[in-house]
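User: I have just opened this one and have not worked with it before. Could you walk me through it?

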Amino acid sequence: MEVICEWVGIAEEDRPHWREAGATIAAGAGPQFAAAIPGIIRGAQRAVARRRTELTDTAPATGPTDLLTDLIRAQDEDGDRLTDTEMVTLIWHIVLAGQSPTPLVANAVDALLAHPGQLAALRADPSLLPGAVEELTRWAGPTLLSIPRYASEDTDLHGVRIPKGAAVTALVAAANRDPRAFPAPDRLDVRRPAPATPHLGFGHGPHFCLGASVARVQTEAALAAVVRRFPRLARAGDARRALDPGTWRLESLPVRL
C-alpha cells in the first residue's frame, strides 16, 4: 500500500487509513471488504480535492509529480477526457487491484517450498527471477476467474448456446494451465522459456492490468529478498487457503527462517 500511495500521490498523514483499508481488501471478500470500499472512495475524493488545491497554489515547474497530478492536469487541459467520477474511480480501482502482489508473493513462496529444486535454482541463479515471476503468476497467481461479461446477442461458443444478456465468466486459472499454450502446464518451471501465448494472470487486451509492471517489480523484489535473506527457509506447518471462490490466496503459511 505504501508503494501505491507514493505512486498515486496520497499525503503522508492520510496513509494510515489507506494502509488499513488495503489490509482489509487483501484479506478478501466479506462484510469488512464491502465496508472498506466507501471509505476508499471518500479517501480518493479527498485526495483529488487536496491535490487540486495544492496545484492551484504551486507553480507548475515546482509542483509534485504523481498520478493525481497527471490526471488533474489532463482534466484541466481537456475536461471531456476525464470526469471527477472517472478520476476517483480510477484511483480506488488502482488501490483495489494494487493489493494483488500480497497473495501472489505468498502463493509463490508456498509453491517454491513445495518444489525445492525450483527454489534451489533461484538461489543459484537470481537472474532467473524475472522469468520465475511470470511462471509463478501463471502457475499460482491469485486470479482464478474473470469478472462476468454479458453476451450482447445470442451466440454459440464451442457448441454451447449463450443467450443474449447471459453472464460469461472465464476461468483464468484453467487458461493458464492450457496444454495448447504451455507444454507440461502442471509443472512449475522457473526456467520455462517465454511462451508464444502469455499467461492471463494480469488479464488481456483493453482489460490488461494497469499495474502489472508494478506488481511484477514488487513480486520480484520480495522473492529476491526472501531467497537472499533466508537461506534456510522451510515449512513449519501446512498452508491454509482462504475460502474465496474467485481468488487463490493464503490465510496462513507457517515457515521457519
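User: To start simply, what share of the residues of the chain count as buried?

Analyst: Of the 257 residues of the chain, 37% count as buried. Please keep in mind that this is a predicted model, and that every value I give you is computed from it.

User: And what is the chain built from, in terms of helices and strands?

Analyst: The chain has 10 helices and eight strands, and its C-alpha atoms fill a box of roughly 55 × 55 × 35 Å along the principal axes. Among contacts between residues at least 6 apart in sequence, 59% join residues at least 24 apart.

User: What about the surface, how much of it belongs to carbon and sulfur atoms?

Analyst: The accessible surface comes to about 14,600 Å², and 58% of that belongs to carbon and sulfur atoms.

User: Let's go inside, then. How many residues of helix 8 are buried?

Analyst: Nine of the 12 residues of helix 8, which covers residues 129-140, are buried, so this helix is largely enclosed by the rest of the structure. The buried residues include Leu 129, Val 133, Leu 136 and Trp 139, and also Glu 135 and Arg 138.

User: Which helices do those buried residues pack against?

Analyst: The buried residues of helix 8 pack against helix 6 (101-114), helix 7 (116-124) and helix 10.

User: Can we look at helix 10 from the other side? I clicked on Leu 223; is it buried or exposed?

Analyst: Leu 223, which is found in helix 10 (residues 212-229), counts as buried because its relative accessibility is 2%. Leaving aside residues up to four places away in sequence, Leu 223 touches Val 105, Ala 108, Val 109, Leu 129, Val 133 and Leu 136. Leu 129, Val 133 and Leu 136 are among the buried residues of helix 8.

User: How far is Leu 223 from Pro 179?

Analyst: The C-alpha atoms of Leu 223 and Pro 179 are separated by 27 Å, and the two residues are 44 apart along the chain.

User: Changing topic to charges: how many salt bridges are there?

Analyst: The count comes to 19 salt bridges. One of them joins Arg 180 to Asp 178, with the closest N and O atoms 2.9 Å apart; Arg 180 is exposed, having a relative accessible area of 77%, whereas Asp 178 is buried, with a relative accessible area of 17%. Salt bridges that share partners also join Glu 2, Glu 6, Glu 12, Arg 15 and Arg 19 into one network.

User: Within that network, how far apart are the closest N and O atoms of Glu 6 and Arg 15?

Analyst: In the salt bridge between Glu 6 and Arg 15, the closest N and O atoms are 3.1 Å apart. The two partners sit in unlike surroundings, as Glu 6 is exposed with a relative accessible area of 52%, while Arg 15 is buried with a relative accessible area of 5%.

User: And which residue forms a salt bridge with Arg 177?

Analyst: Arg 177 forms a salt bridge with Asp 186, in which the closest N and O atoms are 3.0 Å apart. Arg 177 counts as partly exposed because its relative accessibility is 25%, and Asp 186 is exposed, with a relative accessible area of 55%.

User: How far apart are the mean positions of the positive and negative charges?

Analyst: The chain has 28 positive and 30 negative charges, and their mean positions are 9 Å apart. On the surface, Asp 76, Glu 77, Asp 78 and Asp 80 form a negative patch. Asp 80 lies in the loop between helix 4 (67-77) and helix 5 (84-97), and it counts as exposed because its relative accessibility is 77%.

User: Last topic, the backbone. Which loop holds His 158?

Analyst: His 158 is found in the loop between strand 2 (155-157) and strand 3 (160-162), and it has a positive phi of about 50 degrees although it is not a glycine. His 158 counts as exposed, since its relative accessibility is 78%. Ala 184 likewise has a positive phi, near 45 degrees, in a residue other than glycine.

User: Where is Ala 184, and why does it count as partly exposed?

Analyst: Ala 184 is in the loop between helix 9 (172-175) and helix 10, and it counts as partly exposed because its relative accessibility is 40%.

Technical notes
Residues are numbered from 1 along each chain as its sequence is written. This is a predicted model: local features need pLDDT of at least 70, side-chain atom pairs count only at pLDDT 80 or more; totals for chains, interfaces and linings use all residues. Side-chain values use heavy atoms; hydrogens and water are left out. Patches are made of residues with over 30% relative accessible area and no salt bridge: like charges are joined within 9 Å, nonpolar side chains (Val, Leu, Ile, Met, Phe, Trp, Tyr) within 5 Å. Accessible areas come from the Shrake-Rupley method with a 1.4 Å probe; for residues, only the protein chains shown count as cover. A salt bridge is a side-chain nitrogen of Lys or Arg within 4 Å of a carboxyl oxygen of Asp or Glu. Lys and Arg count as positive and Asp and Glu as negative; His and the chain ends are not counted. The place of a charge is taken as NZ of Lys, CZ of Arg, CG of Asp or CD of Glu. Helices (H or I, at least four residues) and strands (E, at least two) are DSSP runs, numbered from the N terminus. Buried means under 20% relative accessible area, exposed over 50%, partly exposed in between (1.4 Å probe, protein chains only). Contact means heavy atoms within 4.5 Å.
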